[in-house]
Amino acid sequence: LDKNKELLAGNASETRKILASSKVLSDNLGISTMFNQKLLQRVEENIENPDSLYKIVSESYYDTFNFLNNNGKGEIAVIILAGGWIEGLYLATQLADMSQSKDEIVKGIAQQKFTVNALVPLLENYNESNNVAEILELIKQFQVVFEKVESVDDELTMSEEVFQELLELAETIRTEIVKTS
């Protein structure tokens with residue numbers, strides 16, 4: 001349990017590095033107003049509190065998505081949404097793989113079946129863009145694996161084999177995306 005807590009809490013210096021990288025990306029996308037001083041201060045004040053950080057990052061993520069959609073940058077918004085989902089899935093599968101009691105994490109991962117099925121039509125709205133078309137093909141690979149997630153007694157369950165397939169796919173796709181970025 002302490003190991004999982006430590007993994008979730010992360011490292012303050014890593015959090016600061018990710019935040020700095022996110023700031024550079026937002027500047028390059030022309031949405032630097034989303035990274036205002038208030039957001040940076042909230043992160044710094046909660047750097048050691050993973051629950052608060054998760055809430056802050058989630059709020060910022062949705063605010064950015066809405067800002068982009070409302071300002072004619074839907075293509076960028078869906079790419080960010082899909083990329084964030086892939087990164088989150090990658091992190092969740094890695095955490096589950098390292099955890100000695102991964103059942104609850106795997107249950108949460110299984111729930112992503114609904115998300116992937118919602119992402120596909122959203123991305124298809126911008127499929128004329130080569131960038132979105134590439135991401136769509138990656139997401140469809142995940143969709144194929146998530147089709148193997150079963151519903152038992154109104155609860156989604158994932159076999160160890162399906163989890164391992166998803167773990168490998170998330171790692172492969174994430175590595176490919178990071179390598180080409």
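Which residues have the most contacts inside the largest nonpolar core? I began with this question, keeping in mind that the model is predicted, and found that Trp85, Ile139, Phe142, Phe146 and Met158 hold that place in a core of 36 residues. I then looked up where the core comes from, and noted that α4 (50–70), α5 (74–98), α6 (103–110), α7 (112–124), α8 (130–146) and α9 (160–180) each supply at least two of its residues, while α5 gives the most, with nine.

I followed Trp85 further and listed what it touches beyond four places in sequence: Tyr61, Gln112, Thr115, Val116, Leu119, Ile139, Phe142 and Phe146. Apart from the largest core I found another, of five residues, among them Leu39, Ile47, Leu53 and Ile56. In soluble globular proteins, nonpolar side chains tend to be buried together.

**Overall layout.** I counted nine helices and two strands in the protein chain, and read their order along the sequence as α-α-α-α-α-α-α-α-β-β-α. Of the 181 residues, 33% are buried, and I noted that 61% of the contacts with a separation of 6 or more join residues 24 or more positions apart. The accessible surface comes to about 11,200 Å², with 52% of it belonging to carbon and sulfur atoms.

**Confidence.** I checked the pLDDT before going into side chains: the average is 82, and 78% of the residues score at least 70. Among the elements, α8 has the highest mean, 96, and helix α1 (residues 2–9) the lowest, 40. For residues 1–9 the pLDDT is below 50, and I recorded eight contacts of this stretch in the model beyond near neighbours in sequence. Where pLDDT is low, the predicted coordinates should not be read in detail.

**Lys113.** Does this lysine of helix α7 count as buried or exposed? I found Lys113 buried and without a salt bridge, the nearest side chain of opposite charge being that of Glu147, 4.6 Å away; the cut-off for a salt bridge is 4 Å, so this pair falls outside it. Leaving aside neighbours within four places in sequence, Lys113 is in contact with Phe146, Glu147, Val149 and Leu156.

**Salt bridges.** How many salt bridges does the structure hold? I noted seven, and looked at several in turn. Lys102 and Glu160 meet at 3.2 Å, N to O, and the pair links distant parts of the chain, with Lys102 in the loop between α5 and α6 and Glu160 in helix α9, 58 residues apart. Lys102 is buried at 16% relative accessible area, whereas Glu160 is partly exposed at 38%.

Lys148 and Glu165 form another, with their closest N and O atoms 2.9 Å apart. Because Lys148 lies in the loop between α8 and β1 (150–152) and Glu165 in helix α9, I read the pair as tying together parts that are 17 residues apart in sequence. Lys148 is partly exposed at 39%, and Glu165 is partly exposed at 30%. I also noted that salt bridges with shared partners join Glu104, Lys107 and Glu155 into one network.

Within that network, the side chains of Glu104 and Lys107 meet at 3.3 Å, N to O; the two are three residues apart in helix α6, so about one helical turn separates them. I found Glu104 exposed at 58% and Lys107 partly exposed at 34%. Glu155, in strand β2 (residues 155–157), is partly exposed at 35% and, setting aside neighbours within four places in sequence, is in contact with Lys107 and Glu150.

Note on methods. Residues are numbered from 1 along each chain as its sequence is written. This is a predicted model: local features need pLDDT of at least 70, side-chain atom pairs count only at pLDDT 80 or more; totals for chains, interfaces and linings use all residues. Side-chain values use heavy atoms; hydrogens and water are left out. A nonpolar core is a set of buried Ala, Val, Leu, Ile, Met, Phe, Trp, Tyr and Cys residues joined through side-chain atoms within 4.5 Å. Buried means under 20% relative accessible area, exposed over 50%, partly exposed in between (1.4 Å probe, protein chains only). Helices (H or I, at least four residues) and strands (E, at least two) are DSSP runs, numbered from the N terminus. Contact means heavy atoms within 4.5 Å. Accessible areas come from the Shrake-Rupley method with a 1.4 Å probe; for residues, only the protein chains shown count as cover. Lys and Arg count as positive and Asp and Glu as negative; His and the chain ends are not counted. pLDDT is the predictor's confidence in each residue, from 0 to 100.
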